[in-house]
Amino acid sequence: VSEKPTIPPNTGVASCTYMVWYLLQKCLAEAVPEGVASLSSQCISYSVDDANGTVRLNIQNRTSLETEAITCRILVGADGVHSAIRAQMLKGDDVTKHFYGRVMYRAVLPTVDIPAEACPEEEVAASYSGDKAGELFAFRVTSPGLVTFTAMSPSDELQELSQKDERKAQLKRLFGHYPARVQAMIDAVKSSSIFENNVQDFDILTSWSEGPVVLIGDAAHAMTPGLGQGANMGIEDACELSTAIAALSLAGKMSDSEAVTEALNKFWQTRLPRVQEVHHHSRRMSQAVTSKANFDYRNSLPPADFNERLYGWRPSAVHAA
């Protein structure tokens with residue numbers, strides 16, 4: 001979202017700028033100090049020391065299977081729709097995921113790898129729909145020199161995801177009858193660059209924290225890609241949570257268990273109404289896409305006043321300033 005959104009005359013819809021998720025990930029990864037992030041580790045369990053309020057996180061290296069323990073004041077579970085931290089917080093009674101009858105494939109590839117006749121012009125999106133409800137292949141230039149494509153295939157049941165080296169062939173099988181531009185796009189992408197996932201969500205948790213442990217993003221409120229807002233809601237969560245934690249630190253209350261619990265509760269309670277609204281419209285959009293072929297995207301969008309709220313959001317720290 002732009003730092004200072006503007007509202008075009010007579011539309012009531014806030015304009016916005018956007019960053020491609022691939023470039024956002026790259027930007028954030030480059031900003032993390034060396035040795036902080038470990039992509040080869042997974043959470044096994046955690047425990048809270050009631051005496052001093054600290055959290056002990058047990059992690060395991062996926063390759064060596066070696067385990068180690070890390071101690072922290074606040075544990076942020078940002079581990080996605082299949083969150084291990086959420087599962088423990090809910091004491092094994094994890095959420096029920098809803099499947100929307102589609103498998104999604106996404107990828108980013110350089111425009112130089114795509115034949116000129118197949119590459120879309122900037123600010124122009126190409127979208128092809130099949131005869132089956134929920135089937136489509138769409139692509140556009142999302143940043144100078146980069147094309148992003150999104151493909152969806154209907155499925156009657158939750159699919160076991162294919163291996164990375166099989167995904168290109170999978171796309172060929174599913175979309176081999178599509179026009180030449182789509183074939184050129186599939187031919188140009190590397191199989192290992194294709195991200196595949198079932199379209200799922202779950203009902204938003206009624207509580208996102210327990211003591212010094214808090215959930216954000218998909219771990220707390222996984223939503224469908226109906227509005228393309230899942231990652232955005234996670235980033236907003238991170239903005240607001242970092243503000244809450246900074247306030248605790250500045251007040252010298254990071255070791256105050258009651259203050260930490262109160263701050264984390266206030267964080268998610270403040271976020272809940274906005275996330276509920278976005279989650280609701282995302283779910284409705286996905287249900288509509290799944291229900292019919294040749295889906296009319298423009299006529300199925302939420303009302304303009306919702307879009308104004310969605311794209312006009314600013315972090316609370318900015319409002320306070």
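The exercises below, each with a worked solution, deal with a predicted model.

**Exercise 1. The small sheet**

Determine the strand order of the open sheet of 3 strands, and explain which of its strands stand at the edges.

Solution. Begin with the order, which reads β4-β11-β10, the pairing being mixed. Next, consider the partners: β4 (75-77) and β10 (209-210) each have a single partner strand, so one side of each is left without a neighbour in the sheet, and these two are therefore the edge strands. Finally, look at how β10 is joined to β11 (residues 213-215): the two strands pair in the antiparallel sense over 2 bridges, and S209 is found opposite V214 in β11.

**Exercise 2. The surroundings of S209**

Establish whether S209 is buried or exposed, and identify the side chains with which S209 makes polar contacts.

Solution. S209 belongs to strand β10. Its relative accessible area is 9%, and because buried means under 20%, S209 counts as buried. Setting aside residues up to four places away in sequence, S209 touches M89, V214, L264, N265 and W268. Two of these neighbours also take part in polar contacts between side chains: N265 meets S209 at 2.8 Å, and W268 meets S209 at 3.0 Å.

The next step is to take the view from W268, which is placed in helix α7 (residues 257-291) and is itself buried, at 8% relative accessibility. Beyond its neighbours within four places in sequence, W268 is in contact with T206, S207, W208 and S209. For W208 the separation can be stated in two ways, since W268 and W208 are 60 residues apart in sequence, while their C-alpha atoms are 6.3 Å apart in space.

**Exercise 3. Three salt bridges**

From the 12 salt bridges found in the whole structure, take E30 with K26, K91 with E210, and R167 with E196, and work out for each pair where the partners lie and how accessible they are.

Solution. In the pair of E30 and K26, the closest N and O atoms are 2.8 Å apart. Both residues lie in helix α1 (residues 21-31), and because they are 4 residues apart, about one helical turn separates them. E30 is exposed, with a relative accessible area of 56%, whereas K26 is partly exposed at 41%.

For K91 and E210, the N to O distance is 3.1 Å. This pair links distant parts of the chain, 119 residues apart, with K91 in the loop between α2 (84-89) and β5, and E210 in strand β10. K91 is exposed at 64% relative accessibility, while E210, at 38%, is partly exposed.

For R167 and E196, the closest N and O atoms are 3.2 Å apart. R167 lies in helix α3 and E196 in strand β9 (residues 195-202), so the salt bridge ties together parts that are 29 residues apart in sequence. Here both partners are buried, R167 at 10% relative accessibility and E196 at 4%. Elsewhere, salt bridges with shared partners join E236, D237, R271 and R274 into one network.

**Exercise 4. Helix α4 and the aromatic cluster**

List the buried residues of helix α4 and the elements that cover them, then give the members of the aromatic cluster.

Solution. In α4 (residues 180-188), the buried residues are V182, Q183, A184, M185, I186 and A188. Their cover includes the strands β5 (97-110), β6 (125-129), β7 (136-143) and β8 (146-154), together with helix α3 (167-175). Turning to the rings, the count comes to 7 aromatic pairs, and one cluster is formed by Y128, F137, F139, F149, F175 and Y178.

Methods:
Residues numbered from 1 in each chain as written. Predicted model: local features only at pLDDT ≥ 70, side-chain atom pairs only at ≥ 80, totals over all residues. Heavy atoms only, no water. Phe/Tyr/Trp six-rings, centres within 6.5 Å; stacked < 30°, edge-to-face > 60°. Pairing = 2+ DSSP bridges. Buried < 20%, exposed > 50% of the residue type's maximum accessible area, 1.4 Å probe, protein only. Contact = heavy atoms within 4.5 Å. Polar contact = N/O pair within 3.5 Å; in protein donor to acceptor, adjacent residues only side chain to side chain. Salt bridge = Lys/Arg side-chain N within 4 Å of Asp/Glu carboxyl O.
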